[in-house]
Amino acid sequence: MGITQLEIEHVARLARLALSDAENELFSSQMSAILCYVETLNELDTDGIIPTAHAVPVQNAFRSDAVQPSIGTDQALSNAPDRVETFFRVPPVIE
Amino acid sequence: MELHTLTIQQLHQLLKNRQVSSVETTRALLKRIETTENRINAFITVAADQALAAAEAADQRIANGDCQTLTGIPLALKDIFLTEGLRTTCASKMLENFIAPYDATAWARLKSQGAVLLGKLNQDEFAMGSSCESSAFGATRNPWDTERTPGGSSGGSAASIAAQQATATLGTDTGGSIRQPASHCGCVGLKPTYGRVSRYGVIAYASSLDQVGPVTRDVTDAALLLQAIAGHDPKDSTSVEQQVPDYSTSLKNDVKGMKIGLPREYFIDGLDPDVQRAMDNAIAHLKGQGAEFIEVSLPHTNYAVACYYLIATAEASSNLARYEGVRFGHRATETEGLIEMMMRSRAAGFGAEVKRRIMLGTYALSSGYYDAYYLKAQKVRTLIQRDFSEAFKQVDILLTPVAPTPAFKIGEKTADPLQMYLSDIFTIPVNLAGICGISLPAQPSAAGLPIGLQLIGKPFGEETILRAAYSFEQTTDWHRQKAAL
């Protein structure tokens, strides 16, 4: 199955990736080849098969709702590209 | 005595008996890194000063009578493990300057024993790749032949062992990323059962598949290192509460009566003749020691790569959404508004393979395609898992190749991502099934390149594969061969 450049642009938008024209073109041909390959899964009848999300049966792991030490504001902000006081600063969201 | 060539076990004895110090060993390894790194590029960050300070502290500890298995042992970590105060890049420009505020649990456990951290190792960017070529910090070269890749994604972890730059290392394995480079570099690599080792503080690629494991010079060291990192961690809800066995009891020469399965789908026509020869030789060795071989079938093997590249990329597209240029990581400047800032930060911070996988995963999860791709793959995953449960009704472990060929050349597969993906055909099913596997050196190729043998175990069957691996190692000396550097 092929994937069009228009679809690539839509997916890139969903993935929040500003791709160049060259990348758009490259990914559209490479992803088409990969999607064509994964089509082989359709040879298998999977009706009634329960999907596996996790290989090992795991249950919700709860802990007691108790206050524990955390890394604190300064550490949490220490890798921020831009900060002001105790906030992450970002470009304007609303005009 | 060449301190850089020792195993954990050998070095531990010497440290305990005060015949060598951690400081002199650490110096010897740092010197080795210095003289070989320009040819190998196994490290992204070498932490010489911190390592020497940790070694001094370890020597003090040993002087006070406290010498645990890893006290004073110089190790290195794949740069996917968070290390407090030391840069963690995940081989991406995105995290070029990221300094983690806390330690990954696996590393915290080693550190609490007094292990010494030499530095952080190269890998494929965000662990996405099979050759270490997608690193933003340049490719790592295979110490056995520097024209070839060390495999990936934990290529630095394996190459640094082969180049004798560290006593042991940790890697991570999502689709073969410990076992395949171990195979290509002639070392031992163990992927434990999903849930055996905490993933806390390990930068996530595909969360239902990622698992931490050792890369070492021999099977004994793999058991020792696994012992130190295994066990439940309240900070990783997928780490299991099951008791950790004493893996040292597996280190005995005993495969008499062990039933070993040979999956016919792994021994296909057209398997590289060198790999076939190594497998035949390994089977003969184990037969000679009393193991019994039975042909088994894993009928869905051929669908594993397709299944993996949908599940892994879907999970990756979700996991990597966190890199948005706000809280950490690369931020593009002079952008108009928040969304454009995020889109351009991600475009500039991620390399081509990471973008390709995010795109594929986003597509597989997107409206209208979810059932056809992601859900379908999860159902096929069930079939692959069942294949293994059926096989393990007949046999104790499975024996297979690790990779279809010895290490390939740098640049050989970069132009065709699908060809690169297919090189993981024999390792991927183990991750999808969540079981354990070990790669250890078998008979090298005619040209002298290492070839790994894979032993696959039941869920939490690490003891059995370690015992078979240890037994095999006793009759061979391939793990003692050293790359001429």
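Reader: How much area is buried between chain A and chain B?

Author: Happy to start there, with the reminder that this is a predicted model. The contact takes in 52 residues of chain A and 63 residues of chain B. Carbon and sulfur atoms give 69% of the buried area. The total buried between chain A and chain B is about 5200 Å².

Reader: Which residues of chain A lose the most area to chain B?

Author: Three residues head the list on that side, and together they make up 13% of what the chain A side buries. They are A:Y37, A:L41 and A:N79.

Reader: Good. What is the distance between the closest N and O atoms in the salt bridge of A:E23 with B:K355?

Author: Between chain A and chain B the count is 2 salt bridges, alongside 19 residue pairs in polar contact. A:E23 pairs with B:K355 in a salt bridge, and the closest N and O atoms there are apart by 2.7 Å.

Reader: Which helix gives the most to the side of chain A that touches chain B?

Author: Both α1 (5-14) and α2 (21-38) of chain A supply at least two residues each to that side. With 10 residues, the one that gives the most is α2(A).

Reader: And how many residues on that side of chain A are nonpolar?

Author: The residues of chain A that touch chain B include 8 polar and 8 charged ones. The nonpolar residues there number 36.

Reader: Let's move into chain B. Why are the buried residues of helix α1 on the same side of α1(B)?

Author: The buried residues of this helix, residues 8-16, are B:I8, B:L11, B:H12, B:L14 and B:L15. In an α-helix there are 3.6 residues a turn, so residues three or four places apart point the same way. The buried residues of α1(B) lie on the same side because they cover an arc of only 165°.

Reader: What do those buried residues of α1(B) pack against?

Author: Their partners are both helices and strands of chain B. The buried residues of α1(B) pack against α2 (22-40), α3 (48-63), β2 (74-78), β4 and α7 (219-229).

Reader: Last one: is B:T167 buried or exposed?

Author: B:T167 sits in the loop between α5 (155-162) and β4 (168-173) of chain B. Leaving aside residues up to four places away in sequence, B:T167 touches ten residues' worth of neighbours that include B:I8 and B:L11, as well as B:R217 and B:D221. Its relative accessible area is 1%, under the 20% cut-off, so B:T167 is buried.

Methods
Residues are numbered from 1 along each chain as its sequence is written. Chains are lettered from A and ligands numbered from 1 in the order in which they are written. This is a predicted model: local features need pLDDT of at least 70, side-chain atom pairs count only at pLDDT 80 or more; totals for chains, interfaces and linings use all residues. Side-chain values use heavy atoms; hydrogens and water are left out. Helices (H or I, at least four residues) and strands (E, at least two) are DSSP runs, numbered from the N terminus. Buried means under 20% relative accessible area, exposed over 50%, partly exposed in between (1.4 Å probe, protein chains only). Contact means heavy atoms within 4.5 Å. The arc is that of the directions from the helix axis to the C-beta atoms. Buried area is the accessible area (1.4 Å probe) that two parts lose on being put together, summed over both. A salt bridge is a side-chain nitrogen of Lys or Arg within 4 Å of a carboxyl oxygen of Asp or Glu. A polar contact is a pair of N or O atoms within 3.5 Å; within protein, one must be able to donate a hydrogen and the other to accept it, and residues adjacent in sequence count only if both atoms are side-chain atoms. Ala, Val, Leu, Ile, Met, Phe, Trp, Tyr, Cys and Pro count as nonpolar, Asp, Glu, Lys and Arg as charged, and the others, Gly among them, as polar.
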